[in-house]
Amino acid sequence: MVLETERLILRPWEEADAEECYKYAKDPQIGPIAGWPVHTSVENSRQVIRDFLMVPETYAIVLKETGLPIGSIGLHHNDLAEKDDEAELGYWLGVPYWGRGLVPEAARELLRHAFEELKLARIWCGYYEGNDKSKRVQEKLGFKYQWTTEDAPVPQMSETRKGHVNLMTREDWKILITLYEPSLEDLWFRQVMMADPETMSYNHAWGGTIPFPKEEWHDWYDFWIVNHENRRYYRYLKDNSGRFIGEIAYHYDSNRNLYVADVIVHSPYRGKGYGGTGLELLCSVAKKNGIKVLYDDIATDNPAITMFLNHGFIEEYRTSEIIMLKKEI
């Protein structure tokens, strides 16, 4: 099995990788904090590859630009993951490549593989006290804290340590989305959404689909992204696999002296909880930006009303055509 991301290839380890493996695994900043000793020679790395890395669902993290392995990532069965539909995620990366977001990139693809193709139900992940980099990776990926063990065994180091355990379920993964600031070239996705009748069905009271020709992209982008003047905010919603699934936005309506929210999920991705998650993310961003109240006026027959009400919005007033909702944040 070979997996691929924007910058990486995840492929099985080979004995021929021993020299590259040793180049990074000999660094004392990598192994000991993760619970395994530094590699002492190329032959030692070769033996580790044979014994521990050349196993199912363990992959060399290969940088596309060089074609060489720079770390390792895998799904393992152990004390945390004893059931057939569970695994534990483990990873390490060469020090020269820290801080570039490569482990989260590799892990997101491996998690996609685990949940979509291997049909696993739970992925565990842990770190020892003091390994803040690993902790941040797991937080960034969306793992949820489960428990702390004061005397977790570290067999390869013949000691015990304080260990923290996190978990991601298939249900967690399905609704895990992130915010993404689109580039000008990325506006093809907004064009597709605006032209899709099913996606824009909520907008029937205001005309349905909205033309968004390429010649308008630059001015739109300048208004919403570049010169937003802290009165506008716009981001794509992006899923675990890197797919664009919708958009969130707010803007200041000077005529009514209020901030108006907007959440759109592309029709192929509806019914999975993405809209509610996007709305929560939008409220969080608005609060950080100093906004105290968000509003939205929704057609009375729009089923999204329930989503807003379930996430803390209340009805301020209604007419025969629209319902004005608001939330103090």
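# Charges and rings in a predicted model

Student: Is R7 buried, partly exposed or exposed, and what is its relative accessible area?

Tutor: This is a predicted model, and the values that follow are computed from it. Buried residues fall under 20% relative accessible area and exposed ones over 50%, with partly exposed in between. R7 is therefore partly exposed, with a relative accessible area of 30%.

Student: With which residue does R7 form a salt bridge?

Tutor: Side chains of opposite charge can pair when their charged atoms come close. For R7, the closest N and O atoms of the pair are 2.7 Å apart, and the cut-off for a salt bridge is 4 Å. The partner counts as buried, at 14% relative accessibility. The salt bridge of R7 is with E105.

Student: How many residues apart are R7 and E105?

Tutor: R7 sits in the loop between β1 (3-4) and β2 (8-12), while E105 belongs to helix α4. The pair links distant parts of the chain, and its separation is 98 residues.

Student: Which residue forms a salt bridge with E116, and where does that residue lie?

Tutor: E116 has its closest N and O atoms to R243 at 3.7 Å, which makes a salt bridge. The two are 127 residues apart, with E116 in helix α4. E116 is partly exposed at 28% relative accessible area, and R243 counts as partly exposed at 36%. The partner is R243, in the loop between β10 and β11.

Student: Which parts of the chain does the salt bridge of R235 and E181 tie together?

Tutor: The side chains of R235 and E181 meet at 3.2 Å, N to O. R235 lies in strand β10 and E181 in the loop between β9 (177-180) and α7, so the bridge ties together parts that are 54 residues apart in sequence. R235 is buried, with a relative accessible area of 18%, whereas E181 is partly exposed at 43%. The parts tied together are strand β10 and the loop between β9 and α7.

Student: Which residues are joined into one network by salt bridges that share partners?

Tutor: The structure holds 21 salt bridges. The bridge between E116 and R243 has come up already, and both of these residues belong to the network. The network consists of E109, R112, E116, E117, D239 and R243.

Student: D196 is buried yet has no salt bridge; how far away is the nearest side chain of opposite charge?

Tutor: D196 is in the loop between α7 and α8 (217-226). A salt bridge needs nitrogen and carboxyl oxygen within 4 Å. The nearest side chain of opposite charge to D196 is R270, and its distance is 6.8 Å.

Student: Which side chains make polar contacts with the side chain of D196?

Tutor: One polar contact of the D196 side chain, at 2.4 Å, is to T199. Another, at 2.8 Å, is to S267. Leaving aside neighbours within four places in sequence, D196 is in contact with T209, H266 and S267. The side chains that make these polar contacts are those of T199 and S267.

Student: How many aromatic pairs are there, and is the pair of F189 and F244 stacked, edge-to-face or tilted?

Tutor: A pair of aromatic rings is described by the distance of the centres and the angle of the planes. The count for this model comes to 22 aromatic pairs. For F189 and F244 the centres are 5.6 Å apart and the planes make 50°, which is tilted.

Student: Where in the chain do F189 and F244 lie, and how many residues apart are they?

Tutor: Both F189 and F244 are buried, and both are members of an aromatic cluster that includes Y180, W188 and W220. F189 is in helix α7 (residues 188-195) and F244 in strand β11 (residues 244-253), with a separation of 55 residues.

Student: Which residue lies over the face of Y180, and at what distance from the ring centre?

Tutor: Y180 belongs to the aromatic cluster just mentioned. Elsewhere, R161 lies over the face of Y128, at 5.0 Å from the ring centre. For Y180, the residue is K238, at 4.4 Å.

Student: Which loops hold K119 and E229, residues with positive phi that are not glycine?

Tutor: Phi is about 60° for K119 and near 55° for E229. K119 counts as exposed at 55% relative accessibility, and E229 is exposed at 59%. K119 is in the loop between α4 (102-117) and β6 (122-128), and E229 is in the loop between α8 and β10 (232-239).

Key. Residues numbered from 1 in each chain as written. Predicted model: local features only at pLDDT ≥ 70, side-chain atom pairs only at ≥ 80, totals over all residues. Heavy atoms only, no water. Phe/Tyr/Trp six-rings, centres within 6.5 Å; stacked < 30°, edge-to-face > 60°. Helix = DSSP H or I, 4+ residues; strand = E, 2+ residues; numbered from the N terminus. Buried < 20%, exposed > 50% of the residue type's maximum accessible area, 1.4 Å probe, protein only. Lys NZ or Arg CZ within 6 Å of the ring centre and 35° of its normal. Lys, Arg positive; Asp, Glu negative; His and termini not counted. Polar contact = N/O pair within 3.5 Å; in protein donor to acceptor, adjacent residues only side chain to side chain. Contact = heavy atoms within 4.5 Å.
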